[in-house]
Amino acid sequence: MPEGDTVWQAARRLHVALAGKVLIRSDLRVPRFATADLTGRAVLDVTPRGKHLLTRIEGGLTLHSHLRMDGSWKVYEAGRRWSGGPAHQIRAVLGTADRTAVGYRLPVLELLRTTDEARAVGHLGPDLLGPDWDPDRALENLLRDPGRALGEALLDQRNLAGIGNVYKSELCFLLGVTPWLPVGALPADRAARLPVLAKKLLEFNRDRPVRVTTGLREQDLFVYGRALRPCLRCATPVRSGNQGDGSRARPTYWCPRCQVGPTPPPETGGRSGTAHHPTGYGSPDPGRRHR
């Protein structure tokens, strides 16, 4: 699933292509809004909110979309062939005189009054890349359920908006704890560091085509997607397992030596028991990239 930095990039592309221009083509290919016609209206702005996209349109309307696992918005110059997938996967077309934005495989697409945006995104916690970012409130939200696994709490967009599976695994590594550690067991100094580090990672990556958390040459991520490969810090093989609430299992990665805390039972694909205490939980500055 696209994470906050990826959605921020998508919003920027759409904003540059559409904002301030009048729509000459409008096609919403979902039954509820199939008859809606936005032609003749100007696009005012495209704003990201966590993992949501809000395309605000003249006349007090907002087109709300969410990419989830497979959705995407593609922007094409006038006359260029669309190449984001077969035609039956197109859910939205917004065209101006010189650009056309095409939404593919969008699982969430709705047209609502701009004054009603809270109905779609009002449940979200502080946005890591938004003007409403509040680290104290984000931490307070995370600690509200101290018995909840840290990884699950980070993915809950009601606590803070923008973190997905990649950042969940990477943040837990950088904090030196497993994603299954109860939030309330996170040492106070690391808990205080968490919102600051999360924002730093997303801000560092929002303008980059390749996500980087390590600051190391040719090694973009510490643990995510690196199952059975050596940990970049201690060379212990990285482990993987599933973490979720039962409705959706998400692949999760951790180093059994560098991260302390519970690990999943064998049937989830992980290792039972408790990870070794790390020798430290500091990290290279994610702002350093030797490329």
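This report covers the overall make-up, the paired strands and one buried helix of a predicted model.

## Overall make-up

The chain has 291 residues. Its secondary structure comes to six helices and twelve strands. Half of the chain is covered: 50% of the residues count as buried. The accessible surface comes to about 13,200 Å². Carbon and sulfur atoms account for 50% of that surface.

Contacts in the chain often span long stretches of sequence. Take those between residues at least 6 apart in sequence: 60% of them join residues at least 24 apart.

## Hairpins around S3

Strand S3 covers residues 52-57. Five of its six residues are buried, so S3 is largely enclosed by the rest of the structure. S3 pairs with S2 and with S4, as set out here.

Strand S2, residues 43-49, runs antiparallel to S3, and six bridges join the two. Within this pair, Asp45 stands opposite Arg56 in S3. S2 and S3 form a hairpin with two residues between them. Gly50 sits in that turn, with a positive phi of about 65 degrees.

S4 also runs antiparallel to S3, again with six bridges. His52 has His66 in S4 as its bridge partner. This pair is a hairpin too, with three residues between the strands. The turn holds Gly59, whose phi is positive at about 100 degrees.

## From S4 to S8

Strand S4 spans residues 61-66. Six bridges join S4 to S8, and the two strands run antiparallel. His66 stands opposite Val108 in S8. His66 is also the bridge partner of His52. That places His66 in bridges with S3 on the one hand and with S8 on the other.

Strand S8, residues 108-113, is mostly covered. Five of its six residues are buried.

In a regular strand, side chains alternate between the two faces of the sheet. Burial in S8 takes in five of six residues, and burial in S3 does likewise.

## Helix H5

Helix H5 runs over residues 165-175. Eleven of its eleven residues are buried. The buried set includes the charged-type names Lys168 and Glu170. It also includes Asn165, Tyr167 and Ser169. Val166, Leu171, Cys172, Phe173, Leu174 and Leu175 are buried as well.

An α-helix has 3.6 residues a turn, so residues three or four places apart point the same way. In H5, burial takes in eleven of eleven residues. Just after H5 comes Gly176, which takes a positive phi of about 75 degrees.

Notes
Residues numbered from 1 in each chain as written. Predicted model: local features only at pLDDT ≥ 70, side-chain atom pairs only at ≥ 80, totals over all residues. Heavy atoms only, no water. Helix = DSSP H or I, 4+ residues; strand = E, 2+ residues; numbered from the N terminus. Buried < 20%, exposed > 50% of the residue type's maximum accessible area, 1.4 Å probe, protein only. Contact = heavy atoms within 4.5 Å. Areas by Shrake-Rupley, 256 points an atom, 1.4 Å probe, with all protein chains shown as cover. Pairing = 2+ DSSP bridges.
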